[in-house]
Amino acid sequence: MIFIDACFKKQTSYTPVWMMRQAGRYLPEYMEVRASAGDFLSLCKDYKKASEVTLQPIDILGVDAAIIFSDILVVPLEMGMDLKFEKGEGPIFTNPINTKKDLEKLDIQKAVKNLSYVYDALSLTRDKLAKDKALIGFCGSPWTIATYMIEGGGSKNYAKCKKLVYQNPEFLHQILSKLTQVLKLYLEEQIKAGANAIQIFDSWASALEKEAFFEFSFNYMLEIANFIKEKYSHIPVILFPKGISAFLDQISGKFDVFGVDWSTPLDLAKEKLGHKYTLQGNMEPCRLYDKNSIENGVKNILKIMKDTPHIFNLGHGILPDIPVENAKYFIKLVQEQSKR
């Protein structure tokens, strides 16, 4: 698999490419399946439909890897929290974590068992996926998931979480430790079900100042990565902490690929980390609105990453109103322009 080879810094015939959120609302085919499933969570829990939308970008766009269709918040949902997706508001937990008693109610083993629909979707997808295409499993970082659990949903300032950082760090560590334990087991089950690689998304890494980022976010990501690499050395681990360009010189650990967000200069990431890790990213997602902008972005990134192991991706998820024609153009352009 060209994607797996690139993860391990092996020479590839061209630069492999995929997109975060590639199974999503910009595809009419996805919207049809979503409508037939009902709501978003119902789609996540219907393993046949989840597999179907996972495969759509492979068939429609020709990307080099599929990422299983799911959501990072199914983990706290299956631990016992009440999750709803409200139109225009995003995810909402009606019973956020406020006390140790709230945390004690959450069941690790129950969650690992109840998430079987994710494993079933992975297994079915791996059976249907071409052998030369990789299947990526994923989870959110403990910190990112915890922000939703504590705040009760999305947040602009993460005030409740950051209050714990400075007022009650012991309790926050207890939350993060419990999440870390369940995520280790969750990812292990994903690997057993057929995932060829694992990505850990830390979407809200930039909410933390430097010392807090390493203490409350990155160290827990590394604990998960270490667990995977010690048991499954053949499985590449991708870490994607968004918005931490100022901390790149202190990034180190047992993982294979570092995801670079669009706000981080790729030449800076290459200078700081390119000798240690394969870099993934990092085109600005909004470039996909315009073909000339796509061409300029692809050309610039390929120039920067010439002769350096690289996986092409956007610097965050594809936006829901991107024309499908432009997404196809982007994927094909990367594959053709990077041929060696």
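**Stop 1: helix H13**

Select strand E7 (257-260), strand E8 (278-283) and helix H14 (291-304): the buried residues of H13 pack against these three elements. This is a predicted model. Now add H13 itself, residues 266-273. Its buried residues are Leu-266, Ala-269 and Leu-273. Look down the axis of H13: these buried residues fall within an arc of 55°, so they line one face of the helix. The spacing fits a general rule. An α-helix has 3.6 residues a turn, so residues three or four places apart point the same way.

Stay in H13 and centre on Ala-269. Is Ala-269 buried or exposed? Ala-269 counts as buried, at 0% relative accessibility. Show its contacts beyond four places in sequence: Leu-248, Val-260, Thr-264, Gly-274 and Leu-279. Then draw a distance from Ala-269 to Asp-249. Their C-alpha atoms are 8.9 Å apart, with the two positions 20 residues apart in sequence numbering.

**Stop 2: a cis peptide in E8**

Move to Gly-281 and Asn-282. The peptide bond from Gly-281 to Asn-282 is cis, and its omega is near -10°. Asn-282 sits in strand E8. E8 is one of the elements that the buried residues of H13 pack against.

**Stop 3: the largest pocket**

Switch on the pocket surface. The largest pocket has a volume of about 1,400 Å³. It is lined by 40 residues. Which of them lie closest to its centre? Select Arg-21, Arg-25, Phe-40, Asp-71 and Phe-85.

Next, colour by secondary structure. Helix H2 (28-37), strand E2 (83-86), strand E3 (90-93) and helix H9 (142-151) each supply at least two lining residues. H2 gives the most, with three residues. Recolour by class. The lining holds 21 nonpolar, eleven polar and eight charged residues.

**Stop 4: the annotated binding site**

Keep the pocket on screen. An unreviewed UniProt entry places the feature "binding site" at Arg-21, Gln-22, Ala-23, Gly-24, Arg-25, Asp-71, Tyr-148, Ser-203 and His-316. In sequence these positions spread over 296 residues, and in space they are up to 23.0 Å apart between C-alpha atoms. Where do they sit relative to the pocket? The lining of the largest pocket takes in Arg-21, Gln-22, Ala-23, Gly-24, Arg-25, Asp-71, Tyr-148, Ser-203 and His-316 from this set.

Zoom in on Gly-24. This residue is in the loop between helix H1 (2-7) and H2. Gly-24 is buried, with a relative accessible area of 7%.

Then jump to His-316, in the loop between strand E9 (310-314) and helix H15 (324-337). His-316 counts as buried, at 17% relative accessibility. Leave aside neighbours within four places in sequence and show its contacts. They are Met-20, Arg-21, Phe-240, Lys-242, Trp-262 and Pro-285. Arg-21 also belongs to the "binding site" set in the UniProt record.

**Stop 5: the URO-D spans**

Which residues does UniProt list for "domain: Uroporphyrinogen decarboxylase (URO-D)"? The unreviewed entry gives residues 16-25 and 136-152. Select 16-25 first. This span is 0% helix and 0% strand, and its end C-alpha atoms lie 23 Å apart. Now select 136-152. Here the chain is 59% helix and 29% strand, with end C-alpha atoms 28 Å apart.

**Stop 6: Tyr-158**

Follow the chain past H9. Tyr-158 is in the loop between H9 and helix H10 (159-167). Check its backbone: phi is near 55°, a positive value in a residue other than glycine. Tyr-158 is buried, with a relative accessible area of 11%.

**Stop 7: the second largest pocket**

Hide the first pocket and show the next. The second largest pocket holds about 370 Å³ of space. Its lining has 18 residues. Nearest its centre are Thr-15, Met-305, Lys-306, Asp-307 and Arg-340. By class, the lining has four nonpolar, seven polar and seven charged residues.

End on Asp-307, in the loop between H14 and E9. Asp-307 is not a glycine, although its phi is positive, at about 65°. Is Asp-307 buried or exposed? At 73% relative accessibility, Asp-307 counts as exposed.

Note on methods. Residues numbered from 1 in each chain as written. Predicted model: local features only at pLDDT ≥ 70, side-chain atom pairs only at ≥ 80, totals over all residues. Heavy atoms only, no water. UniProt positions renumbered as here; feature names shortened; annotations may be inferred. Helix = DSSP H or I, 4+ residues; strand = E, 2+ residues; numbered from the N terminus. Buried < 20%, exposed > 50% of the residue type's maximum accessible area, 1.4 Å probe, protein only. Arc of directions from axis to C-beta. Contact = heavy atoms within 4.5 Å. 1 Å grid on protein atoms, 1.4 Å probe; cavity = no way out; pocket = protein on both sides within 12 Å on 5 of 7 lines; lining within 4 Å. Points joined across faces, edges and corners; volume = space filled by probe spheres on them. Nonpolar A, V, L, I, M, F, W, Y, C, P; charged D, E, K, R; others polar.
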